[in-house]
Amino acid sequence: MIDIRTAHTSDLDTITLDTARKLLDEVFEGDLSDDDWEHSLGGVHALAWQGAELVGHASVTQRRMLHGGRALRAGYVEAVGVRADLRRRGCASAMMDALERVIRGAYDLGALSASDEAVPFYRGRGWRQWQGETFALTPDGTVRTEEEDEGVHVLTVTAPLTLSGTLTCDWRDGDVW
């Protein structure tokens with residue numbers, strides 16, 4: 001039985017955060033950078049527990065997106081991962097249920113950057129691929145992020161979105177999307 005618990009980063013102890021980081025390092029086979037981990041902090045985590053063992057992690061943090069002449073509060077999904085032997089058993093869906101509840105209750109839209117293998121999962125949940133151009137608001141000005149165009153997905157909440165329009169994210173170190 002999998003138990004999903006949500007908590008803000010500030011409510012998680014060091015042991016739980018270290019355990020989540022180790023789990024994600026395993027899930028992403030060492031391809032989770034320090035910046036990637038940092039991006040997952042400061043918001044709400046959905047943690048999947050099997051007894052006393054952490055078997056899944058996902059988080060949503062606040063970011064600013066510019067679209068249609070407006071600055072929007074985006075719930076940005078990060079660091080979604082499930083232990084390999086428990087995949088395709090509903091764990092990621094249960095974590096996303098919890099995070100989407102947070103997004104719908106607190107943000108203008110949801111956003112994420114999906115890997116190719118995760119696209120069907122997110123689309124099946126109602127996330128839509130961004131069809132327009134993407135940009136990042138950097139310290140040097142607005143920069144086109146063409147390499148991210150096909151991976152950006154959004155969940156409509158309250159903001160009217162034109163998927164063929166432009167979407168600009170705020171700046172952060174590492175991968176901006």
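His-153 is a good place to start: this residue is buried, with a relative accessible area of 0%. The model here is a predicted one, and the protein has four helices and 10 strands. Below is a quick tour of the overall fold, followed by four residues worth a look in the viewer.

**His-153**
- His-153 belongs to strand S9, which covers residues 152–156.
- Its side chain gets to the backbone oxygen of Gly-151, at 2.9 Å.
- Setting aside neighbours within four places in sequence, His-153 is in contact with a run of residues that includes Gly-110, Ala-111, Leu-112 and Ala-114.
- Val-119, Arg-123, Trp-127, Arg-128, Gln-129 and Trp-130 are also on that contact list for His-153.
- One of those partners, Arg-123, sits 30 residues away along the chain from His-153, and the two C-alpha atoms are separated by 8.4 Å.

**Overall fold**
- Reading along the sequence, you get the pattern β-α-α-β-β-β-α-β-α-β-β-β-β-β.
- The radius of gyration is 16 Å, which agrees with the value near 16 Å that a compact globule of 177 residues would have.
- Along the principal axes, the C-alpha trace spans about 45 × 30 × 30 Å.
- Of the contacts with a separation of 6 or more, 70% come from residues 24 or more positions apart.

**Surface and charge**
- Out of 177 residues, 50% count as buried.
- The accessible surface adds up to about 9000 Å², and carbon and sulfur atoms own 46% of that.
- On the charge side, there are 18 positive and 30 negative side chains, with the centres of the two sets 8 Å apart.

**Asp-149**
- You'll find Asp-149 in the loop between strand S8 (141–144) and strand S9 (152–156).
- Despite the loop address, Asp-149 counts as buried, because its relative accessibility is 14% and the cut-off for buried is under 20%.
- The Asp-149 side chain makes a polar contact of 2.6 Å with the side chain of Thr-134.
- Not counting residues up to four places away in sequence, Asp-149 touches Trp-130, Gly-132, Glu-133, Thr-134 and Arg-144.
- Trp-130 turns up twice in this tour: Asp-149 touches Trp-130, and His-153 is in contact with Trp-130 as well.

**His-39**
- His-39 is in helix H2, which runs over residues 34–39.
- With 9% relative accessibility, His-39 counts as buried.
- Its side chain and that of Arg-172 are joined by a polar contact of 3.4 Å.
- Beyond residues up to four places away in sequence, His-39 touches Thr-61 and Glu-78, plus Arg-172, Asp-173, Gly-174 and Asp-175.

**Ala-71**
- Ala-71 is part of strand S4, residues 70–82.
- This one is partly exposed, at a relative accessible area of 45%, whereas His-153 is buried at 0%.
- Leaving out neighbours within four places in sequence, the contacts of Ala-71 are Arg-64, Met-65 and Leu-66.
- Cys-169 is 98 residues away from Ala-71 along the chain, with 9.6 Å separating the two C-alpha atoms.
- Strand S4 (residues 70–82) also spans the position of Glu-78, a residue that His-39 touches.

Note on methods:
Residues are numbered from 1 along each chain as its sequence is written. This is a predicted model: local features need pLDDT of at least 70, side-chain atom pairs count only at pLDDT 80 or more; totals for chains, interfaces and linings use all residues. Side-chain values use heavy atoms; hydrogens and water are left out. Helices (H or I, at least four residues) and strands (E, at least two) are DSSP runs, numbered from the N terminus. The radius of gyration is taken over C-alpha atoms; the globule rule is 2.2 Å times the number of residues to the power 0.38. Buried means under 20% relative accessible area, exposed over 50%, partly exposed in between (1.4 Å probe, protein chains only). Contact means heavy atoms within 4.5 Å. Accessible areas come from the Shrake-Rupley method with a 1.4 Å probe; for residues, only the protein chains shown count as cover. Lys and Arg count as positive and Asp and Glu as negative; His and the chain ends are not counted. The place of a charge is taken as NZ of Lys, CZ of Arg, CG of Asp or CD of Glu. A polar contact is a pair of N or O atoms within 3.5 Å; within protein, one must be able to donate a hydrogen and the other to accept it, and residues adjacent in sequence count only if both atoms are side-chain atoms.
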